[in-house]
Amino acid sequence: MLVALMEKYGEDDTNISFKASWVGSTSTGVMYLLSMVSGILADRLGIRTVGLIGGLLALVGMLSSAFVQNLSLLYLTYGVIMGTGFSLAYTPSQAILGHYFKRRIGLANGLVTFGGVAVFTVSYTLALPVLFDAIGFKYTLMCISGINGLIMLYALAWKPRIHCRPDSGKELAPADTRRKCCPSFLNTRIWRNRSYVVWVIATSVSYLGKFVLVYHVVKHADDVFPGSNSNLLPICLGVPNAVMKLVMGSLSDLQLVSRVRIQQAAFFVMGVTTTCAPLASTFTSLLVIAVVLGMCDGTITCMFVPVAFDLVGPVDSTQGLGFVFGLLALPASLGPPLAGLLYDHFGNYNLAFHVAGIPLFAGAVMMVFIPQRKLHTIPDIAIVEVPLPAAPSANHVASHKPNEPMAMEHVTSAGV
């Protein structure tokens, strides 16, 4: 998409790399920034409602981008509107996992994120260049907007199942549950958790360099290895990304494994990989770097939900995830455009990639100060599934007294 933007709006603009980078970065930044709002709204309005609104905005943002003729307007449509939609959908989609899984939440999160990366990243990489050539920029974005609209259908499947139990031991109704679990509009309890605060700061620092190589590696390959099949790079990023989400998601469910340390190691290796990218002397070696980068990216991404649940627990996880994603907004948005600015000035990405590794190293070092002990227990949560009643048989209906209520069984599965 970045290469297509540069070709469409570039002309003779010497700063086109910097300007075009802001389109995707604005979308990413808004998605992360508004995750704080998304988390709060999900607690107050419900996960399903917020997800539906997010899907609608994601559709509108991409569809309106198809009709934009000025690059600067894409900051609004593609960046702000679509980014807002993704934000309202993304945080609830992560938080809903904790309503269904506890012991296997790492694997569950890996499976969920695997589908998005394995299917859409790879298919986009193969399909977008063909669509750009066949139907043009405008109609390609219209096709993508239709896919964005599917988010609304997916959100309908999100059924919250976590219910708090007050001291009386009585279970609360869903509306009362939200008021009891979230007595105030803003959850300040999570900010008294030192481990959570350190984790938020460390990941925010790391994200200043995380997306630099991901965003610019295709353009770097086109410059350094002209004539190479640079479209292979996103596939080399996406497939290992998806595989590692499954592998590390399963590994993180083991009792002896620290999810925080897994994410910390991934940040460190990504820092090494990003720093060494300019040293790749052949296109094959750059493909290997892309594979390692994809593995690290997949590991980092799939650890956010399990680590958040370890640090703050299921009840606080919606705003816990929302705030960490929100504070990632600024560094995630600044990294790629700053790299583009260095590219416009020096004519290559060498310095940009070298510098991008520094915040990744720094974030990994900061995570040393998060304790390795078991960080959170969940004694006050029960996950309750209330199945739909089966249709009564004729004999049952006949024997049922008119004023006697039918019983409905409740299946409790707190250890899912």
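## Cysteine 143 and methionine 152 in helix H6

Cysteine 143 sits in helix H6. The model described here is a predicted one. With a relative accessible area of 42%, cysteine 143 is classed as partly exposed, because that class runs between the 20% limit for buried and the 50% limit for exposed. Its C-alpha atom is 9.2 Å from that of methionine 62, although 81 residues separate cysteine 143 and methionine 62 along the chain.

Methionine 152 also belongs to helix H6, which covers residues 105-155. At a relative accessible area of 25%, methionine 152 is partly exposed. Setting aside residues up to four places away in sequence, methionine 152 touches Leu52, Gly55, Leu56 and Leu59. For one of these, leucine 56, the C-alpha atom lies 6.6 Å from that of methionine 152, with the two positions 96 residues apart along the chain.

## The chain as a whole

The chain contains 16 helices and 3 strands. Of its 416 residues, 50% are buried. The accessible surface amounts to about 19000 Å², and carbon and sulfur atoms account for 68% of that surface.

Contacts that reach across the sequence can also be put as a share. When contacts between residues at least 6 apart in sequence are taken, 84% of them join residues at least 24 apart. The pairing of methionine 152 with leucine 56, 96 residues away along the chain, is one case of distant positions with C-alpha atoms 6.6 Å apart.

## Helix H9 and its kink

Helix H9 runs over residues 212-224 and has 13 residues. At 1.5 Å a residue, helix H9 should span 18 Å, and its end C-alpha atoms are 17 Å apart, so the two values agree. Helix H9 nevertheless has a kink of about 40 degrees, centred on valine 218.

The buried residues of H9 are Val212, Leu213, His216, Val217, Val218, His220 and Ala221. Valine 218, where the kink is centred, is therefore among the residues with under 20% relative accessible area. In an α-helix there are 3.6 residues a turn, so residues three or four places apart point the same way.

## Aspartate 297 and lysine 210

Aspartate 297 is placed in helix H12, residues 283-312. Its relative accessible area is 13%, so aspartate 297 counts as buried. Beyond its neighbours within four places in sequence, aspartate 297 is in contact with Lys210, Asn241 and Met270.

The side chains of aspartate 297 and lysine 210 make a polar contact at 2.5 Å. Aspartate 297 and lysine 210 also form a salt bridge, with 2.5 Å between the closest N and O atoms. Because aspartate 297 lies in helix H12 and lysine 210 in helix H8, this pair ties together parts 87 residues apart in sequence. Both aspartate 297 and lysine 210 are buried.

## Other salt bridges

The structure holds 5 salt bridges. One of them joins aspartate 316 to arginine 189, with the closest N and O atoms 2.5 Å apart. Aspartate 316 is in helix H13 (residues 314-327), while arginine 189 is in the loop between helix H7 (174-181) and helix H8 (194-210); the pair links distant parts of the chain, 127 residues apart. Aspartate 316 is buried, at 8% relative accessibility, whereas arginine 189 is partly exposed, with a relative accessible area of 37%.

Aspartate 253 and arginine 259 meet through their side chains in a further salt bridge, at 3.3 Å from N to O. Aspartate 253 and arginine 259 are both buried. Asp253 and Arg259 also belong to a network of salt bridges that includes Asp310.

## Serine 204 in helix H8

Serine 204 lies in helix H8. A relative accessible area of 14% makes serine 204 buried, because the limit for that class is 20%. Apart from residues up to four places away in sequence, serine 204 touches Leu327, Leu328 and Pro331. Helix H8 also holds lysine 210, the partner of aspartate 297 from helix H12.

Key
Residues numbered from 1 in each chain as written. Predicted model: local features only at pLDDT ≥ 70, side-chain atom pairs only at ≥ 80, totals over all residues. Heavy atoms only, no water. Helix = DSSP H or I, 4+ residues; strand = E, 2+ residues; numbered from the N terminus. Buried < 20%, exposed > 50% of the residue type's maximum accessible area, 1.4 Å probe, protein only. Polar contact = N/O pair within 3.5 Å; in protein donor to acceptor, adjacent residues only side chain to side chain. Contact = heavy atoms within 4.5 Å. Expected span 1.5 Å × (residues − 1). Bend = angle between axes of the 7 residues up to and from the residue. Areas by Shrake-Rupley, 256 points an atom, 1.4 Å probe, with all protein chains shown as cover. Salt bridge = Lys/Arg side-chain N within 4 Å of Asp/Glu carboxyl O.
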